[in-house]
Amino acid sequence: MPISQAFTRQHRLLTGSQYQTVFDQPEWKVGLGSYLLLVTRNTQPQPRLGLVIGRKRAKRAVDRGRIKRRVREQFRCRQQELAGLDIILLVRGRIENPDPDQVTRDITRLFDKLLAKCRQA
């Protein structure tokens with residue numbers, strides 16, 4: 001029986017305290033271009049994802065939504081590898097009219113770098 005790859009409520013950081021825990025004590029920081037991942041271990045079997053994409057970084061709601069969809073899709077496809085981690089994706093730089101394929105490549109590279117760091121630790 002295949003393992004579900006759904007992106008459910010259990011796969012999201014929901015409360016401010018959950019976000020604050022990752023912001024206060026990140027075990028790993030992985031950056032690439034305009035993106036930064038803050039990561040800490042959690043006590044749950046599944047990974048959890050939080051997104052911080054401010055209006056100052058991506059002006060149009062369409063652009064913010066496009067980035068979020070691409071990040072969630074990459075997370076959903078790789079959740080077995082990321083099990084037991086709380087991850088926050090921050091957009092640091094200004095992004096105007098993001099190319100969806102470039103966003104996917106950047107997020108893929110970010111997750112690859114994160115997994116390499118986790119394996120070294």
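# A walk from strand β3 to the α2–α3 pair

Start by selecting L51, which sits in strand β3 (helices, H or I of at least four residues, and strands, E of at least two, are DSSP runs numbered from the N terminus). Before you go on: this is a predicted model, where local features need pLDDT of at least 70 and side-chain atom pairs count only at pLDDT 80 or more, while totals for chains, interfaces and linings use all residues. Residues are numbered from 1 along each chain as its sequence is written, and side-chain values use heavy atoms, with hydrogens and water left out.

**Around L51.** Show what L51 touches: leaving out residues up to four places away in sequence, you get Y19, K68, V71, R72 and L89 (contact means heavy atoms within 4.5 Å). Now add F75, 24 residues from L51 in sequence and 11 Å from it in space, C-alpha to C-alpha.

**Over to H11.** F75 also turns up in the next selection. H11 lies in the segment before α1 (16–24), and its contacts beyond four places in sequence are A6, Q46, P47, R48, L49, F75 and Q79. Is H11 buried or exposed? With a relative accessible area of 11%, H11 is buried (buried is under 20%, exposed over 50%, partly exposed in between, using a 1.4 Å probe and protein chains only). Try a C-alpha distance to G50 as well: H11 and G50 are 39 residues apart in sequence and 8.9 Å apart in space.

**The nonpolar cores.** Next, pick Y35, L37, I87, L89 and L114, the residues that touch the most other members of the largest nonpolar core, which has 26 residues. A nonpolar core here is a set of buried Ala, Val, Leu, Ile, Met, Phe, Trp, Tyr and Cys residues joined through side-chain atoms within 4.5 Å. Colour β1 (28–32), β2 (35–41), β3 (48–52), α2 (61–77), β4 (85–91) and α3 (100–120), since each supplies at least two residues of this core. Which element gives the largest share? That is α3, with 7 residues.

Zoom in on L114: beyond its neighbours within four places in sequence, L114 contacts W28, V30, L37, V39, L82, L85 and I87. Then look for a second, separate core of 7 residues, with L13, Y19, L38 and L90 among them.

**Two helices together.** Show α2 and α3 as cartoons. How do they pack? Their angle is about 40° and their axes are 9 Å apart, with axes being lines fitted to C-alpha atoms over the stretch in contact and angles running from 0 to 180 degrees between N-to-C directions. The pair is therefore oblique (under 35 degrees is roughly parallel, over 145 roughly antiparallel, 65 to 115 roughly perpendicular and the rest oblique).

For the contact itself, select R66, I67, R70, V71, Q74 and F75 on α2, then P100, D101, V103, T104, I107, T108 and F111 on α3. By class, this contact has 7 nonpolar, 3 polar and 3 charged residues.

**V103, then N97.** Stay on helix α3 for V103, which is buried, with a relative accessible area of 2%. Apart from neighbours within four places in sequence, V103 contacts Y35, I67, R70 and P98. For scale, V103 and R119 are 16 residues apart in sequence and 24 Å apart in space, C-alpha to C-alpha.

Last stop: N97, in the loop between β4 and α3. N97 is exposed, with a relative accessible area of 54%. Check its backbone too: phi of N97 is near 45°, a positive value in a residue other than glycine.

Terms used: Ala, Val, Leu, Ile, Met, Phe, Trp, Tyr, Cys and Pro count as nonpolar, Asp, Glu, Lys and Arg as charged, and the others, Gly among them, as polar.
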